Amino acid sequence: MQIIEVADPAEAAAFAADLIEEHAPRVLGAATGATPEPLYRLLVARQRLAPTTTVCLLDEYIGLPVGHRQRYRHVIEAQLVNPLGLTVVAPDVDAIDPTAACRRYEDALVELGGIDLQILGIGRNGHIGFNEPGTSFDTVTHVVELAATTRADNARCFDGLSGVPTHAITQGIANIRRAKRIVLIAFGRRKANAVSAMLGGPVSTASPASALRDHRDLVVIADREALTQRNIIQSHSFGTA
Ligand code: PGA
């Protein structure tokens, strides 16, 4: 694991964009949320990702109407896929049988040869994707009921808490662990507990992100606030000059 301490989201975006462009993933796993937005803006501005790149969604709400601005497919298309002319693959959250849709998404991921590089945020409760605390590390794509903290955190994107869906489809922790390279980004003091549990706490389902600790190629990019409670490890400072 490599830990990169950055000054701010702009520096994180620059570092992550360099990594991604160097890696030139054929299949890019994309998280949604506030955290990766500066990165996506930079990737679009630089126009260096090959148009043959396929972007796979990490997760998606169930129950939002087609065209809803918070459908993650729509968000990723608008922020990354359409401006760069890429291809997107997403779980079919409108399927009558969401469990069958999860199986089809698994098949699609296998057919693509797996995720080459997965971009991740981290939830305040340590979730990755919508894999909430308690999720087995063996899970593949599945339907989840969202944790109260997750719904509360995401209410800002809806007209209040009651508008936030209760369920979603997410790639499982096993899918994320299988990605050849993982870039996890975290900003702010509100993520500090989750980051410290991930980096230095017990490897346990209480901290879904701790499942990544032994990954062969994990880069954690975080600001000082998100790293404040880190009680371990040599940090590697990305220059601010
Ligand atoms: P955020 O969400 O980027 O909006 O903070 C991260 C997450 O919940 O995984």
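## A tour of the cavity, the pocket and the ligand

Start with helix H1: its 3 residues are the largest share of the lining of the largest cavity. This is a predicted model.

**Stop 1: the cavity.** Select Pro 9, Ala 12, Ala 13, Thr 35, Pro 38, Leu 39, Ile 185 and Phe 187, which line the largest cavity. Now colour helix H1 (9-23) and helix H2 (37-46). Each of these two helices supplies at least two residues of that lining. How does the lining divide by class? Nonpolar residues number 7, there is 1 polar residue, and no charged residue takes part. The volume of the largest cavity is about 30 Å³. A search of the whole structure finds 1 cavity of 30 Å³ or more.

**Stop 2: the pocket.** Move on to the largest pocket, which holds about 590 Å³ of space. Its lining counts 31 residues. Select Thr 32, Gly 33, Ala 34, Asn 154 and Arg 156 to find the lining residues closest to the pocket centre. Next, show strand E4 (59-61), helix H3 (72-84) and helix H5 (148-154). These are the elements that give two or more residues to the lining of the largest pocket. Colour the lining by class: 12 residues are nonpolar, 12 are polar and 7 are charged.

**Stop 3: the ligand.** Which space does the ligand take? The ligand takes the space of the largest pocket. Select its shell: Gly 33, Ala 34, Thr 35, Gly 121, Ile 122, Gly 123, His 127, Arg 156 and Lys 191. By class, the shell has 2 nonpolar, 5 polar and 2 charged residues. Gly 33, Ala 34 and Arg 156 are in this shell, and they are also among the residues closest to the pocket centre. Thr 35 belongs to the shell as well, and it lines the largest cavity too.

**Stop 4: the ligand's oxygen atoms.** Zoom in on Thr 35. An N or O atom in the side chain of Thr 35 is 2.5 Å from a ligand oxygen. Then pick Lys 191. Here an N or O atom of the side chain is 2.7 Å from an oxygen atom of the ligand. Finish with Ala 34, and look at the backbone this time. A polar backbone atom of Ala 34 is 3.0 Å from a ligand oxygen.

**Last view: the surface.** How much of the ligand's accessible area does the protein cover? On its own, the ligand has 280 Å² of accessible area, and the protein covers 84% of it.

Key
Residues numbered from 1 in each chain as written. Predicted model: local features only at pLDDT ≥ 70, side-chain atom pairs only at ≥ 80, totals over all residues. Heavy atoms only, no water. Near = heavy atom within 4 Å. Polar contact = N/O pair within 3.5 Å; in protein donor to acceptor, adjacent residues only side chain to side chain. Areas by Shrake-Rupley, 256 points an atom, 1.4 Å probe, with all protein chains shown as cover. 1 Å grid on protein atoms, 1.4 Å probe; cavity = no way out; pocket = protein on both sides within 12 Å on 5 of 7 lines; lining within 4 Å. Sits in = over half its atoms within 2 Å of the grid points. Nonpolar A, V, L, I, M, F, W, Y, C, P; charged D, E, K, R; others polar. Points joined across faces, edges and corners; volume = space filled by probe spheres on them. Helix = DSSP H or I, 4+ residues; strand = E, 2+ residues; numbered from the N terminus.
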